[in-house]
Amino acid sequence: MIYINNLKSEEYIPIYIGKSVDIQKRYKEHYKEILALNRLSQEEYRSYFLSGTKSFYEGSFKSIKIFKYMIENACTLNDYRMIVMDRNVPSDLLDKKEAEYIDEFKSSFLGFNQFKSFTERIKVLNESPRDNFTVKSYLEDVKSDLINIERYYGYGYTEFNFKHSFPRDLSLIFNSKEKINSEFLPLYSNICDELVRLGLKYVQTYKEDESLRRSVNKKYELICCLRDDYKNILNLIEVNFSDALKNHNSFCDKTVKLFLDSLVYKNNKAYKKEVQKYLKTKKIQNNYYKEFGELINDFESSYEKYYVEYEKYLKIREPYEENENLRRKERYALIMPSINFDNFSLKDALKNSYRESTLTQPNSCLINFSIGNNGRGEKSPFIINITYTYLPFQGSQISQTYYIDNVDNKLIQTGFKYIEKDFYDIFQFKKRKFNIIALLNGEFYDSHISTLAEIKLGINDYTLRNKQLHNIESVLKEIQDLTDSQTKFFIEPSESLNCLKAALPTNMLENNPFIQFILNVKKKRNKFSPQVVDLEKLENESHSNETSQSTLRAIKFKQKVLERSNDKIKVLNYTSSKENVDAKCLICNQTFLKRADRLLNKPFCQNCKIN
């Protein structure tokens with residue numbers, strides 16, 4: 001569940017309930033969308049709703065709703081949180097469990113979820129043929145939503161979901177209007193009546209909108225029937241002409257298509273000439289335009305009726321579309337922030353991401369390099385800041401963070417303009433939403449702080465505002481003066497070692513012995529030796545307030561595995577979630593080795609499972 005840890009509004013319960021087989025990946029996808037929106041200016045953001053007939057974000061309004069709530073309630077990125085409500089759900093039951101939680105918390109009406117009648121409608125329409133159980137179940141979902149719409153109208157995004165996404169024509173869920181099961185008729189009629197009542201109650205222009213919609217739908221149904229009529233005749237002509245060619249052993253797909261095109265586009269004589277040319281080369285004397293004359297006359301008459309009605313349809317559809325575009329923009333106002341905002345109004349998430357390193361070995365030094373992007377593609381990596389932590393033989397641990405003086409950090413402080421890249425790309429067929437890029441002098445500029453780097457570091461352009469920038473060589477000189485030849489160094493770049501090298505000035509790589517020494521240290525050993533906690537020795541020990549964090553984590557991990565395995569698996573030691581642990585099955589007494597996070601996810605004994 002995504003939730004905003006800032007409950008200031010009485011109209012919302014700021015939650016979004018979802019499901020995933022990969023929770024961390026899904027959370028990153030959600031969070032990345034908010035990070036992208038946070039970079040846009042108000043003017044740019046509004047243009048994605050109002051510059052076309054439909055919003056650029058159509059179909060992806062979940063993050064749009066969250067963003068509006070966060071802006072209007074003065075939230076920051078630190079308020080964006082996630083909690084796992086249920087880990088042990090089989091994949092085939094995820095949909096059911098998600099629906100149960102959404103119904104329990106009413107997040108479709110009070111939070112950021114969509115109505116069930118909308119999400120299920122897509123599934124129902126994609127199912128063909130639709131059985132009676134599916135149809136009845138969907139109608140029950142619609143009825144339930146209608147009850148809650150009236151109950152919660154004025155709360156959350158209920159008004160927007162009702163006006164923008166609630167289905168206005170339920171007849172489409174039936175295989176055909178003539179086959180509506182009598183069992184559904186009372187429920188279907190009741191729902192239609194209730195929908196009209198709520199429309200009249202909550203939508204001022206309901207009568208006008210419905211009158212236009214029904215006129216267009218009625219005319220559309222007529223032209224669909226006429227289209228089917230002429231296509232049926234055309235199919236019959238195709239079969240007859242194909243059989244005639246086969247009788248002469250001269251069947252040709254291209255010629256059949258040309259023959260049909262000569263009927264549909266009769267003003268274009270080229271098609272007919274090509275057909276006659278082919279028949280002549282095959283020495284076929286038949287004049288099929290005369291032989292199929294009756295069918296062709298029927299087709300032309302049917303096609304003419306279709307064309308006349310289609311022209312009428314286009315004329316009445318034009319005012320309908322104009323009205324729909326107007327109403328749509330009125331609805332978009334319900335999900336756009338009602339107050340003015342600047343880019344990076346949600347600030348940064350540095351508070352959530354920053355963890356102060358604790359050194360245990362005297363005369364040791366850890367240097368963290370925060371890098372703006374991974375350097376792939378057109379990106380050029382750069383160092384945002386350097387944080388060093390030093391533990392002397394005597395005295396307290398020393399920590400300092402310096403933001404580095406380089407071209408990219410200076411440009412960030414000047415202020416980039418961020419845009420949705422694919423919105424402006426006329427050649428991009430499938431446009432990606434939340435694909436943000438910076439502009440520099442009207443050109444795309446890739447070497448900014450990427451959203452992936454921001455997820456890792458909690459740092460964005462807002463973080464660098466008004467920050468004093470320091471020369472990187474002066475920072476490294478300070479570290480060098482603080483330490484000595486016996487100091488044990490560790491470095492932690494936020495990206496790869498090669499990326500760090502690419503981010504360092506070339507002359508420093510070549511001419512600075514200290515940085516060369518640091519990079520060589522990285523090659524030999526780049527992490528602290530993790531503390532292995534022997535849980536067997538701790539079995540009978542009591543734990544005081546001075547118990548180390550690593551020991552407490554190990555104990556907590558052991559308890560979790562016991563609980564999830566129903567007291568069948570005992571963990572013997574623990575290092576970290578990514579390291580192997582020794583575990584013992586209390587059923588068969590088998591000891592086995594498994595990575596900690598995988599054991600926690602699937603806490604069972606392979607030997608017992610096989611047997």
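I count a residue as buried when its relative accessible area is under 20%. Arg327 comes out at 9%, so I put it down as buried. The model I am working on is predicted.

**Entry 1: the salt bridge at Arg327**

I looked for the partner of Arg327 and found Asp209, with 3.1 Å from N to O. Asp209 sits in helix α10 (residues 206-247) and Arg327 in helix α14. The two are 118 residues apart, so I note a link between distant parts of the chain. Asp209 is also at 9%, and I list Asp209 as buried.

**Entry 2: other salt bridges**

How many salt bridges are there by this rule? I get 30. Asp95 and Lys19 form one of them, again at 3.1 Å from N to O. Asp95 belongs to helix α4 (residues 94-105), while Lys19 is in the loop between β2 (15-16) and α1. This pair also joins distant parts of the chain, with the two positions 76 residues apart. Asp95 has a relative accessible area of 41% and is partly exposed. Lys19, at 36%, is partly exposed too.

I then checked Asp597 and Arg595, which meet at 2.8 Å, N to O. Asp597 is partly exposed at 23%, and Arg595 is partly exposed at 24%. I also noted a network of salt bridges that ties together Glu150, Glu194, Arg197 and Lys201.

**Entry 3: aromatic pairs**

I searched the whole structure for aromatic pairs and got 51. I opened Tyr45 and Tyr57, whose ring centres are 6.2 Å apart. Their planes are at 40°, so I call the pair tilted. Tyr45 is in helix α2 (residues 42-50), and Tyr57 is in the loop between α2 and α3 (62-72). They are 12 residues apart and link distant parts of the chain. Are Tyr45 and Tyr57 buried or exposed? Tyr45 is buried at 1%, and Tyr57 is buried at 0%.

Next I took Phe416 and Tyr418, with centres 6.1 Å apart. The planes are at 75°, so this pair is edge-to-face. Both Phe416 and Tyr418 are buried.

**Entry 4: charges over rings**

I looked for lysines over tyrosine rings. The charged end of Lys62 sits over Tyr16, 5.7 Å from the ring centre. Lys272 lies over the face of Tyr289, and there the distance to the ring centre is 4.6 Å.

**Entry 5: the largest nonpolar core**

I found 55 residues in the largest nonpolar core. Which residues have the most contacts inside it? They are Tyr45, Phe49, Tyr57, Ile64 and Tyr80. The tilted pair from Entry 3, Tyr45 and Tyr57, is on that list.

Several elements each supply at least two residues of this core, among them β1 (2-4), α1 (23-38), β7 (417-420), β8 (436-440) and α17 (451-457). Helices α2 and α3 do so as well. I then followed Ile64. Leaving out residues up to four places away in sequence, I see Ile64 touching Leu37, Tyr45, Phe49, Tyr57, Ile335 and Phe434.

**Entry 6: helix α8**

Why do I write α8 (residues 158-165) down as largely enclosed by the rest of the structure? Because 6 of its 8 residues are buried. The buried ones are Thr158, Phe160, Asn161, Phe162, His164 and Ser165. I checked what these residues pack against and listed α3, α5 (107-110), α6 (116-126), α7 (132-152), α9 (185-202) and α14 (293-332). Helix α14 is also where I placed Arg327 in Entry 1.

How values were computed:
Residues are numbered from 1 along each chain as its sequence is written. This is a predicted model: local features need pLDDT of at least 70, side-chain atom pairs count only at pLDDT 80 or more; totals for chains, interfaces and linings use all residues. Side-chain values use heavy atoms; hydrogens and water are left out. Rings of Phe, Tyr and Trp (its six-membered ring) pair if their centres lie within 6.5 Å; planes under 30 degrees apart count as stacked, over 60 as edge-to-face and the rest as tilted. Helices (H or I, at least four residues) and strands (E, at least two) are DSSP runs, numbered from the N terminus. Buried means under 20% relative accessible area, exposed over 50%, partly exposed in between (1.4 Å probe, protein chains only). A charge sits over a ring if NZ of Lys or CZ of Arg is within 6 Å of the ring centre and within 35 degrees of the ring normal. A nonpolar core is a set of buried Ala, Val, Leu, Ile, Met, Phe, Trp, Tyr and Cys residues joined through side-chain atoms within 4.5 Å. Contact means heavy atoms within 4.5 Å. A salt bridge is a side-chain nitrogen of Lys or Arg within 4 Å of a carboxyl oxygen of Asp or Glu.
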